[in-house]
Amino acid sequence: MPDNQEQFKYLLKQNGLKVTTQRIAILEVLNSRPGEHLTAEEIYDFVRVKYPDIGLATVYRTIQMLSELNLIDKLSLDDGYVRYEISKNDTEETGHHHHHLICLDCGNIYTFQDDLLETLEMRIKETLGFEVVDHEVKLYGHCKKCRGD
Ligand SMILES: [Zn+2]
Ligand SMILES: [Zn+2]
Ligand SMILES: [Zn+2]
């Protein structure tokens, strides 16, 4: 994974940001835990392992900034926490987000990659002339475990 650092440095510069240890550290934490949907406090705990001097306020501020630049995604998964994940890094070929399945019983979040929305987006463009550039999908239900299968 040594290439990630370079990739993040490039991303930061491309967005007109100075490359700082905190910024790289936060991107690394989120990048190494895809699908975990961390809160700011959880990110802080992970970053602190490697950079014990970092403050919570700095982490909050940095997260906010990275999220405004869409380098990380802010999520609300209806459990009362604001969570974050790395932006569009799941499948590098397609740059497609994964989507979220929220279990109404245990509150666990499951992820899935595939959807048929590309077809829908194409049809919307053809019929309405509206070009979709992004979408967010949350599906609610009962997970396998809770269903007792
Ligand atoms: Zn996710
Ligand atoms: Zn469940
Ligand atoms: Zn999708």
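Between domain 1 and domain 2, about 770 Å² of area is buried, and carbon and sulfur atoms give 55% of that. Keep in mind as you look around that this is a predicted model. Domain 1 covers residues 1-89, and domain 2 covers residues 97-149. Their centres, taken over C-alpha atoms, sit 24 Å apart. Where the two parts meet, nine residues of domain 1 are in contact with ten residues of domain 2.

Now for the metals. Here are the two zinc sites side by side:

| Site | Donors | Distances | Spacing along the chain |
|---|---|---|---|
| Zinc ion (ligand 1) | His37 (NE2), Glu85 (OE), Glu85 (OE), His98 (NE2), His100 (NE2) | 1.9 to 2.8 Å | H-x47-E-x12-H-x1-H |
| Zinc ion (ligand 2) | Cys103 (SG), Cys106 (SG), Cys143 (SG), Cys146 (SG) | 2.2 to 2.3 Å | C-x2-C-x36-C-x2-C |

Start with ligand 1. Its zinc ion is held by His37, Glu85, His98 and His100, with Glu85 listed for two OE donors. Set that against the domain bounds: His37 and Glu85 fall within 1-89, while His98 and His100 fall within 97-149. Are histidine 98 and histidine 100 buried or exposed? Both of them are buried.

Ligand 2 is a cysteine affair: the zinc ion is coordinated by the SG atoms of Cys103, Cys106, Cys143 and Cys146. What geometry does the site of this zinc ion have? The site is tetrahedral, with angles of 103 to 115° among the four donor atoms. Cysteine 106 lies in the loop between strand 4 (99-103) and strand 5 (109-112), while cysteine 146 is in helix 6 (residues 144-147), so this pair ties together parts that are 40 residues apart in sequence.

How open are those two cysteines? Cysteine 106 has a relative accessibility of 35%, so it counts as partly exposed. Cysteine 146 is also partly exposed, with a relative accessible area of 35%.

With cysteines in the picture, you might wonder about sulfur bridges. How many disulfides does the structure hold? The count is zero. For Cys103, Cys106, Cys143 and Cys146, the link to look for is the one through the zinc ion (ligand 2).

Conventions: Residues are numbered from 1 along each chain as its sequence is written. Chains are lettered from A and ligands numbered from 1 in the order in which they are written. This is a predicted model: local features need pLDDT of at least 70, side-chain atom pairs count only at pLDDT 80 or more; totals for chains, interfaces and linings use all residues. Side-chain values use heavy atoms; hydrogens and water are left out. Donors are N, O and S atoms within 2.8 Å of the metal (3.2 Å for Na, K and Ca); water is not among the atoms, so sites may look incomplete. Four donors count as tetrahedral if all angles lie between 85 and 135 degrees; four count as square planar and six as octahedral if opposite donors are over 155 degrees apart and all others between 65 and 115; anything else is irregular. Helices (H or I, at least four residues) and strands (E, at least two) are DSSP runs, numbered from the N terminus. Buried means under 20% relative accessible area, exposed over 50%, partly exposed in between (1.4 Å probe, protein chains only). A disulfide is a pair of cysteine sulfur atoms within 2.5 Å. Domain bounds come from an automatic or database domain assignment. Contact means heavy atoms within 4.5 Å. Buried area is the accessible area (1.4 Å probe) that two parts lose on being put together, summed over both.
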